[in-house]
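Visitor: I'd like to learn how to read a protein model. Could you walk me through a couple of features?

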Amino acid sequence: MTPKERVVATFESRFGQHPTAVIRSPGRVNLIGDHTDYNDGFVLPLAIDRAVWLALRPRTDRMVRAWTELMDDTIEFSLDSLARGGGWVAYLQGVANELLQLGDELVGWDGVIASDIPSGAGLSSSAALELGVARAFANASELKWEPVEAALLCQRAENDWVGVSCGIMDQLICSVGEVDRAMLIDCRDLSRQAVRLPDSVVVVILDTGTRRDLVDSMYNERRESCEAVARLFGVRALRDLSMDRLESDRGKLAAVAYRRAHHVISENARTVEMAERLAGNHVIEAGCLMGQSHISLRDDFEVSSPALDAMTAAALDSPGCLGARMTGGGFGGSCVALVATDHLEKFQAEVLERYRASAGPLGSVINTKATSGTSIVPVD
């Protein structure tokens, strides 16, 4: 049974009615450009074919009642009495709060939520949930759906309600993804350039099986460090600081602050170049840029982990791998690899064997493709 079939069947079982809408909200994987989005920089993600699915039916009052397959848990709250709290309900209430702040007239809904995005794997299951919930409220309350505005709203919910100081990348690509395209995003003005992925390569997600909690991790500390360097140099964001100026005034910075800035500036340049390489079908050069990115994230930004390093090494040693790197916020989760299409089978057969030989029994391989963003799909 597919996730869509599960949410429809479960909705009928739990609520005794047929849902009026089903929403698909994809996760994402980032090919390159990590920890650049909150520095007004560039990213190159794609929406993936793993998603959060939400079946719903509007209510006649302002109550939200939802059951999630992931936690086997039901929550219920009133739109008139939102209260901060932990757990997955925070994502629903955070989105509702932002919509209410805009003055939108909301009605409640009954819903069932399922997902085939591995939780905590660095594939933006939280952003997918936020966008799915935003689309549910828009559908139930008959609000106009504006993908970019919805992404910004969901980012605010995660920043201000959930407590993660994330940039805009995750929410935006989950909202505006395109089939067979990665998306070069300028995180300052949100302009986008679709980049067709060459037929000669496949994007492979390599889940290390290790997990992290961004709220409790050093993610927020990294952002604060970047903002401190920008203030010291009198620029709006690290996006505006050149490598030449960073090097010439290196003496102003502590060693750690210098490394943080060095990663962001060099990663921005790599991201723009990789989009150009993929568009020109120069896949070997694109893969090399991914390798440089991983080294920078490991050594300069210090957000890798032994498991992420082991998976990256296992991928690079496996047949047909053009490039590999950690992806997402770091401290655990997944890597992403660019693999030659005609070597995919051999790559799959060997990469986990190599990883498990050095890192233990965990890990999984997820072949993926670029898909469209958050959308309503036919119920039947």
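Guide: Sure, let's start with cysteines. A disulfide is a pair of cysteine sulfur atoms within 2.5 Å. Keep in mind that this model is predicted.

Visitor: How many disulfides does the structure hold?

Guide: Zero.

Visitor: Why is there no bond between Cys174 and Cys154?

Guide: Look at the gap: Cys154 has the cysteine sulfur closest to that of Cys174, but the two are 9.3 Å apart, so they are too far from each other for a bond. Cys187 tells a similar story: its closest cysteine sulfur sits in Cys166, 11 Å away, and that is too far as well.

Visitor: Are Cys174 and Cys187 buried or exposed?

Guide: Buried means under 20% relative accessible area. Cys174 has 0% relative accessibility, so it counts as buried. Cys187 comes in at 7%, so Cys187 is buried too.

Visitor: Now helices. At what angle do helix 10 and helix 11 pack?

Guide: For a pair like this, check the angle and the distance between the axes. Helix 10 (residues 306-316) packs against helix 11 (residues 344-359) at about 140 degrees, and their axes are 8 Å apart. Because of that angle, helix 10 is oblique to helix 11. Their crossing is right-handed.

Visitor: Which residues make the contact?

Guide: Helix 10 brings Ala307, Ala310, Met311, Ala314 and Ala315. From helix 11, the residues include Phe347, Val351, Leu352, Arg354 and Tyr355.

Visitor: What kinds of residues are in the contact of helix 10 with helix 11?

Guide: Ten are nonpolar, one is polar and one is charged.

How values were computed:
Residues numbered from 1 in each chain as written. Predicted model: local features only at pLDDT ≥ 70, side-chain atom pairs only at ≥ 80, totals over all residues. Heavy atoms only, no water. Axes fitted to C-alpha atoms, helices over the stretch in contact; angles between N-to-C directions. Helix = DSSP H or I, 4+ residues; strand = E, 2+ residues; numbered from the N terminus. Parallel < 35°, antiparallel > 145°, perpendicular 65-115°, else oblique. Left-handed = near helix turned anticlockwise from the far one by under 90°. Contact = heavy atoms within 4.5 Å. Nonpolar A, V, L, I, M, F, W, Y, C, P; charged D, E, K, R; others polar. Buried < 20%, exposed > 50% of the residue type's maximum accessible area, 1.4 Å probe, protein only.
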